[in-house]
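Reader: Hello! I am new to this structure and would love a close look at one part of it, the nonpolar core, with a little of its surroundings.

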Amino acid sequence: MSQPRTPDQQFARYVKVAIALFLLLFGYFIVADLYMPMTPQARVYHQVTQITPQISGDIVEVSVRNNEQVKKGQLLMRIDARPFELAVQKAELNLAQVKLQNQQLDAEIAALKADLIAADAQLDEQQRLYARSNALLASKAISVQQSDEINANLATARAQVSTVEAKLQAAKIKRGAHGADNVALQQAKNALEAAQLNLSYTQVIAPHDGVVSNLQVTTGTYAKAGTAITGLVANRLDLAADFREKSLYHVHVGKAALVSFDALPGKVFNAHVSEFAAGSSDGQLNANGALAQVETSNRWVRDAQRQRIHLQLDGSTKDAFAHLPSGARATVQIVPESGIRAFLAKGQIKLVSLMHYVY
């Protein structure tokens with residue numbers, strides 16, 4: 001018959017059991033952190049697009065409500081189009097004027113070409129007369145005065161040809177190339193396209209599917225070009241999780257994971273690692289001209305650096321989380337391939353999901 005334990009022996013036994021449990025849990029923590037890491041530092045993000053007008057003007061119609069689901073291409077609001085319609089009409093008139101000017105220049109060039117033919121004919125006649133006058137002057141058949149008049153007429157004919165040629169060259173330069181290569185025509189067409197583009201900007205449309213957020217404008221609000229007037233939150237979510245660097249040693253793209261959302265306690269969803277972030281802000285060097293800032297710490301064991309990974313939910317359920325707001329918290333469990341470790345990992349995340357009922 002065994003002797004009953006004394007209080008000291010009982011206490012010593014409790015101490016040994018506590019130490020054994022501590023060592024067991026400490027070893028489990030080390031192994032779990034390396035082979036089946038889990039982090040509560042996970043958050044849901046949605047792409048947020050700032051809806052910014054390309055033009056300035058009075059808003060004459062707001063077609064959506066705040067927090068309304070919209071489709072890509074759906075009209076959000078309309079800016080007063082009258083000034084831009086007038087700009088389009090002005091550009092169209094300018095284009096027609098350029099075409100008319102080109103036609104007038106074509107007619108002018110044709111007339112100058114005819115004048116050049118006539119001037120060339122006059123010059124040819126004066127050159128022949130000049131040749132005959134030289135022979136007649138040598139035989140005293142004409143006077144010196146008559147010869148001087150012929151010479152003057154020849155010089156005048158040459159000057160007339162040069163003048164017409166110069167006018168013709170100037171008209172050709174002013175006319176420019178024909179067809180689509182004409183500079184004035186291209187400028188007029190570009191001005192018309194710019195006016196039509198600005199007119200299209202009077203309709204502010206959704207660039208993608210999403211939810212209108214923080215809509216603060218109404219009919220009559222003056223929209224300024226380049227100033228955001230609302231936000232469009234995309235339906236597709238991005239789940240980002242921050243792990244300690246050591247915990248990611250065995251993690252790679254495509255690695256299976258389990259996710260528990262704080263907003264959906266008791267539920268666990270399948271996911272996989274889709275990509276690794278390129279780095280964190282702690283590793284960014286700014287070229288600001290200042291000297292490097294050296295990290296100072298008196299701690300023997302420094303805080304572990306965390307790195308971000310992105311996860312994608314698996315299966316048809318991934319579209320069911322579009323309602324989760326941007327910033328929603330989650331816990332991510334990486335699932336190893338090993339059977340026993342995978343079993344323990346699933347147990348960890350299931351326990352966390354149940355704890356979300358409490359906190």
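To get my bearings, how many helices and strands are there in the protein chain?

Author: Welcome! The protein chain has 5 helices and 12 strands; helices (H or I, at least four residues) and strands (E, at least two) are DSSP runs, numbered from the N terminus. Please keep in mind that this is a predicted model, in which local features need pLDDT of at least 70 and side-chain atom pairs count only at pLDDT 80 or more, while totals for chains, interfaces and linings use all residues. Residues are numbered from 1 along each chain as its sequence is written, and side-chain values use heavy atoms, with hydrogens and water left out.

First, the overall setting. The radius of gyration of the protein chain is 43 Å, well over the 21 Å that the globule rule gives for 359 residues, so the chain is more spread out than a compact globule. That radius is taken over C-alpha atoms, and the globule rule is 2.2 Å times the number of residues to the power 0.38. Along the principal axes, the C-alpha atoms fill a box of roughly 170 × 50 × 40 Å. Of the 359 residues, 30% count as buried (buried means under 20% relative accessible area, exposed over 50%, partly exposed in between, with a 1.4 Å probe and protein chains only).

Now to the part you asked about. The largest nonpolar core has 23 residues, and those with the most contacts inside it are Leu239, Val259, Phe261, Ile309, Leu311, Val332 and Ile334. Such a core is a set of buried Ala, Val, Leu, Ile, Met, Phe, Trp, Tyr and Cys residues joined through side-chain atoms within 4.5 Å. At least two of its residues come from each of strands E1 (38-51), E8 (230-244), E9 (256-261), E10 (269-276), E11 (306-313) and E12 (329-334). E8 gives the most, with 4 residues.

Take Ile334 as an example. Leaving aside residues up to four places away in sequence, Ile334 touches ten neighbours' worth of company, including Met36, Pro37, Phe243, Val273, Ile309 and Ala345; contact means heavy atoms within 4.5 Å. Apart from this core lies another, of 17 residues, with Leu76, Met77, Ala206 and Leu232 among them.

Phe261 also takes part in an aromatic pair. The rings of Phe261 and Phe269 have their centres 5.9 Å apart and their planes at 50 degrees, so the pair is tilted. Rings of Phe, Tyr and Trp (its six-membered ring) pair if their centres lie within 6.5 Å; planes under 30 degrees apart count as stacked, over 60 as edge-to-face and the rest as tilted. Phe261 is buried, with a relative accessible area of 1%, and Phe269 is buried too, at 15%.

A search of the whole structure finds 2 aromatic pairs. The pair of Phe22 and Phe26 is stacked, at 6.1 Å centre to centre with 20 degrees between the planes. Both residues lie in helix H1 (residues 7-35), 4 residues apart, about one turn of the helix. Phe22 counts as exposed at 54% relative accessibility, whereas Phe26 is partly exposed at 46%.

Back in strand E11, which supplies residues to the largest core, you will find Gln307. The side chain of Gln307 makes a polar contact with the side chain of Glu245 (3.2 Å). A polar contact is a pair of N or O atoms within 3.5 Å; within protein, one must be able to donate a hydrogen and the other to accept it, and residues adjacent in sequence count only if both atoms are side-chain atoms. Not counting residues up to four places away in sequence, Gln307 touches Ala241, Asp242, Phe243, Glu245, Leu248, Gly279 and Ser280.
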